[in-house]
Amino acid sequence: MVQLAAGEELVLDGVSGKVRMGLGWHEERNAGVAGSGRLEIDLDATALQFRGSELFDLAFYNNLKTRDGSVVHLGDHKTGGAEGDDESIVVDLDHVHAPVDTVLFLVSSYQGHSLEWVAGAYCRLVDADEQELARFTLTLSIKETGAVMALLRRTGEGWTLKAVGEGVAITKPTEGLAKLTRFVS
C-alpha cells in the first residue's frame, strides 16, 4: 500500500478489471451546535467521468451508475464514522467508455457543512481482491463544503491515480461543475 500526499501520483501498473474507491470520515469531536447535541454530517461520494474538460457522466447517491455501467456507487451512508469505508464507488477500468479520460472523486456535504466539521477524511483505492493499493488522507482543515479527493486518469499505458485533496464550494454533485473542470483540464 502506498500512502499518497496531495499532488502525488501512483501508476497503476498491471491493474485492470474492477477497483473500488472507498471514502471514509468521522465527525470532528467538537462538532455540533451548542446546547442542541451533535450534528450528523452527511457526506456524499461522487465519481464524475470527464472527456477532456467536458462532463460525460456521473455516479452518486441519486444516480448509482453511469450509462456505460463502468462506475457504480454502492449506496449512500448518511452519518459517517462507521468501521471501514463509509461510501464506496466501483470502477471497472476495462469497461470505462473509450472517450472518458478522467474519473474525478468528489466528497461533498449534502447539508452544506464546512468540511472543518469532519475529521479523518480519506479515500483509498483497493483492487478486486480488496488489497489496498493506495490511500490519501486529508490532513488540512477544509473550509469549503466539498473536496476533490483524487483523480483516476487514463494514459496510453493504463491508469494513474492522483491525490488532490483540494476544497471546492459544492454541496450536490450536479451543481457547480465549472468549479471542477480546472482539475481535469
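This is a short walk through one protein chain, from its overall layout to a few single residues.

One point before anything else. What you see is a predicted model.

Let's start with the whole chain. How many helices and strands does the protein chain have? The count comes to 1 helix and 12 strands. The order is easy to remember. Starting at the N terminus, the elements run β-β-β-β-β-β-β-β-β-β-β-β-α. So much for the layout.

Now the surface and the interior. The protein chain has 185 residues, and 49% of them are buried. About 8,700 Å² of the protein chain is exposed, with 49% of that supplied by carbon and sulfur atoms. Next, contacts. Take those between residues at least 6 apart in sequence. In the protein chain, 68% of these join residues at least 24 apart.

On to strand 9, residues 118–126. Is strand 9 largely enclosed or largely open? Strand 9 is largely enclosed by the rest of the structure, because 7 of its 9 residues are buried. Its partner here is strand 10, which covers 132–137. The two strands pair over 5 bridges, in the antiparallel sense. Look at two places along this pairing. Arginine 124 has arginine 135 in strand 10 as its bridge partner. Cysteine 123 stands opposite phenylalanine 136, also in strand 10.

Strand 10 has another neighbour to point out. That is strand 1, residues 2–4. Strand 1 and strand 10 run parallel, joined by 3 bridges. Within this pairing, valine 2 has alanine 134 as its bridge partner in strand 10. So strand 10 runs antiparallel to strand 9 and parallel to strand 1.

Now go back to the turn between strand 9 and strand 10. The hairpin has 5 residues between the strands. Which residue there takes a positive phi? Glutamate 130 does, near 65°. Why point that out? Most residues other than glycine have a negative phi. Glutamate 130 is not a glycine, yet its phi is positive. As for its surroundings, glutamate 130 is partly exposed, at 43% relative accessible area.

Next, the cavity. The structure holds 1 cavity of 30 Å³ or more. The space in the largest cavity is about 40 Å³. Which residues line the largest cavity? Among them are Leu4, Met21, Cys123, Arg124, Ala134, Arg135 and Phe136. You have already met several of those names. Cys123 and Phe136 are the residues that stand opposite each other. Arg124 and Arg135 are bridge partners. By element, strand 9, strand 10 and strand 12 each supply at least two residues of the lining. Strand 12 covers 158–168. By class, the lining has 9 nonpolar residues, no polar ones and 2 charged ones.

Over to strand 7, residues 87–92. How many of its residues are buried? The count is 6 of 6, and strand 7 is mostly covered. Here is a general point about strands. In a regular strand, side chains alternate between the two faces of the sheet. Now see strand 7 itself. Glu87, Ile89 and Val91 point one way. Ser88, Val90 and Asp92 point the other way. The residues on both sides are buried.

Strand 7 is joined to strand 6, residues 71–73, by 3 bridges. These two strands run antiparallel. In this pairing, valine 72 has valine 90 in strand 7 as its bridge partner.

Last, two loops. Glycine 69 sits between strand 5, residues 54–59, and strand 6. With 34% relative accessibility, glycine 69 counts as partly exposed. Glycine 69 and histidine 97 are 28 residues apart in sequence. In space, their C-alpha atoms are 9.2 Å apart.

The other loop lies between strand 8, residues 102–109, and strand 9. Histidine 113 is found there. Is histidine 113 buried or exposed? The cut-off for buried is under 20% relative accessible area. Histidine 113 has 15%, so it is buried. Now take leucine 43, which is 70 residues from histidine 113 along the chain. The C-alpha atoms of these two are separated by 9.1 Å.

That is the tour. Thank you.

Methods
Residues are numbered from 1 along each chain as its sequence is written. This is a predicted model: local features need pLDDT of at least 70, side-chain atom pairs count only at pLDDT 80 or more; totals for chains, interfaces and linings use all residues. Side-chain values use heavy atoms; hydrogens and water are left out. Helices (H or I, at least four residues) and strands (E, at least two) are DSSP runs, numbered from the N terminus. Buried means under 20% relative accessible area, exposed over 50%, partly exposed in between (1.4 Å probe, protein chains only). Contact means heavy atoms within 4.5 Å. Accessible areas come from the Shrake-Rupley method with a 1.4 Å probe; for residues, only the protein chains shown count as cover. On a 1 Å grid over the protein atoms alone, a cavity is a set of points where a 1.4 Å probe fits but cannot get out, and a pocket is an open set with protein on both sides within 12 Å along at least five of seven lines; lining residues have an atom within 4 Å of a point. Grid points are joined across faces, edges and corners, and a volume is the space filled by probe spheres set on the points. Ala, Val, Leu, Ile, Met, Phe, Trp, Tyr, Cys and Pro count as nonpolar, Asp, Glu, Lys and Arg as charged, and the others, Gly among them, as polar. Two strands pair if DSSP finds at least two bridges between them.
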